[in-house]
Amino acid sequence: MIIKPRTLLLRADASPAMGTGHVMRCLALAEAWQAAGGQAVLLSRDLPPALAARAQAQNATVIPLPPETSAGEDTRFTAQTAAQHDARWVVVDGYQFPLPLCAMLQAAGLQVLWVDDFGVPAEFAPDLLLNQNLGAAPAWYPHVPPRTELLLGPRYALLRREFARWRHSPRTFPAQAQKLLVTLGGSDPANATAKVIEALHLLGGAAPQALVLAGAANPHAAALARALAGTPHQCLPHVPDMPARMAEADLAIAAGGTTVWELAFMGLPALLLCLADNQRRNCHELAAAGAAVNLGWHETATPDQIAAALTALAADATRRAAMSAAGRALVDGRGAERVCLHLRENEVRLRPATSNDARLVYEWFNEPSVRAVSFSPEPVSWEHHLAWFKARLADPRHVLWIAEATPGRPVGQARFALDGHTATISISLSAETRGQGWGTLLIWAACRKLCREHPEIRRVEAWIKPDNQPSLRAFAKADFLPWAEKDVRGQPALVYEWKRPL
């Protein structure tokens, strides 16, 4: 029985004036959704050919929108597309979308994830509201109702999957930085990159060797390349492997948009130029956190100032190392996976187990692969299991749920032993649903449901055999962290911990 998520519909536009960041983070979310087995559809207006090609290369369906549509026409087209592709969720990312669009989409039967950067002082009620920026807080959304769940801060930063293989990769900090990465967004309409090139000319041979990325939608790309002709520096419109370029660099000059979370994850120290109003907070907060240097608003930053800041940071290995550590502490690269768990939460239904489930749970428990990773690997007799099962159903200190994909289609079970403010979790999946990502979803959804129904619970523990790699990965993806080691029935166990969100 293969169970896949429904299609995810993404609504984001791009243009030289608007930039490409909205589309790029939608594509990052689409990648995570596709990794869980779902399909992604991108509705977009003014999509540059390079971005359209990128979306199609990752097997997302791209549907162009007419140049001008009203909110009502946009809603009708989006709802029709959702129905055609069996989508339940629509992701809306862009500053040009009017707030009433949210309610209009919900009235059409869709659930809405609204992506924001500024805060919204007006009344509106998306199902999920995502703001990945550092410092984002509930106070930014004073009129959002309690039913709207807020996903705030860089733990939800939407990074593309290509960054995952660089998690925990070591970084060195030479006494004098040798390589510089310059990336000021996909379009850079103000042509701030030209100022950075002027700064490189001012430094001459003292400048680190620069790779300047003009961006897929940058109208000045040809002029920038000409400005670097005959120098040690290189200008490219785009690169196929951005994480590798970040790994090679010793420092960066970047805009304060979505790229800052990639830089933070990679531990690459950066000088930030603020190119748009939505980047002001990012530049300020990242500098305050010690993860970047804020060069300020692009119009007021001069080539001399950029050159001076670059010279100082390039010569300060200690500061670069501290900035790298600060950035990595902010972004762990699992943001898109976390958002997908929220989008998929209703795909798993957790109901209390009843006496009618005894045989089903018995069969799951006695599967050889389940017994192999258990701390009691011997097969369980029916009589012993039935006594144990009845005792668990009657014990208020235990919770036993059956997980269903749809009513009547069980996929696994989740069990908790409650002890004061701590619960210990144990799960198992039906054989036909393993390897489809259901373990992580079940763990995550069960912990959230437990906290809703048992407000006294503050943390959940999982005891896992060290060689049980599938379980270790599933619990890690569900936001469990290594916490301790212990002995369980004479066998070593790793204790992973999940803390109740504040």
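This is a guided tour of one predicted protein model, moving from the whole chain to selected residues.

Residues are numbered from 1 along each chain as its sequence is written. Because the model is predicted, local features need pLDDT of at least 70 and side-chain atom pairs count only at pLDDT 80 or more, while totals for chains, interfaces and linings use all residues; side-chain values use heavy atoms, with hydrogens and water left out.

**The whole chain**

Begin with the entire protein in cartoon view. Its secondary structure comprises 17 helices and 20 strands, where helices (H or I, at least four residues) and strands (E, at least two) are DSSP runs numbered from the N terminus. The radius of gyration is 25 Å, close to the 23 Å that the globule rule gives for 502 residues, so the protein is as compact as a globular protein of that length. That radius is taken over C-alpha atoms, and the rule is 2.2 Å times the number of residues to the power 0.38. Along the principal axes, the C-alpha trace spans about 80 × 55 × 40 Å.

Next, colour by burial. Of the 502 residues, 55% are buried (buried means under 20% relative accessible area, exposed over 50%, partly exposed in between, with a 1.4 Å probe and protein chains only). Among contacts between residues at least 6 apart in sequence, 62% join residues at least 24 apart; contact means heavy atoms within 4.5 Å.

**Helix 1 and the loop after helix 2**

Select Gln34, found in helix 1 (residues 21-35). Gln34 is buried, at 18% relative accessible area. Its side chain reaches the backbone oxygen of Gln58 at 2.9 Å. Beyond residues up to four places away in sequence, Gln34 touches Ala40, Gln58, Asn59 and Ala60.

Move from there to Asn59, in the loop between helix 2 (49-57) and strand 3 (61-64). Asn59 is exposed, at 59% relative accessibility. Inspect its backbone: Asn59 has a positive phi of about 65° although it is not a glycine. Most residues other than glycine have a negative phi.

**A second positive phi**

Select Asp86, in the loop between helix 3 (71-85) and strand 4 (87-93). Here too phi is positive, near 60°, in a residue other than glycine. Asp86 is partly exposed, with a relative accessible area of 42%.

**Helix 11**

Go on to Arg319 in helix 11 (residues 317-330). Arg319 counts as partly exposed, at 42% relative accessibility. Leaving aside neighbours within four places in sequence, Arg319 is in contact with Val293 and Leu313. For a sense of distance, add Ala55 to the selection: Arg319 and Ala55 are 264 residues apart in sequence and 38 Å apart in space, C-alpha to C-alpha.

**Helix 12**

Finish with helix 12 (residues 335-344), in which nine of the 10 residues are buried, so this helix is largely enclosed by the rest of the structure. The buried set is Gly335, Ala336, Arg338, Val339, Cys340, Leu341, His342, Leu343 and Arg344.

Within helix 12, select Ala336. Ala336 is buried, with a relative accessible area of 4%. Not counting residues up to four places away in sequence, Ala336 touches Ala28, Leu29, Ala32, Ala157, Leu158 and Leu159. As a last step, display Pro100 as well: the C-alpha atoms of Ala336 and Pro100, 236 residues apart along the chain, are separated by 26 Å.

Methods:
A polar contact is a pair of N or O atoms within 3.5 Å; within protein, one must be able to donate a hydrogen and the other to accept it, and residues adjacent in sequence count only if both atoms are side-chain atoms.
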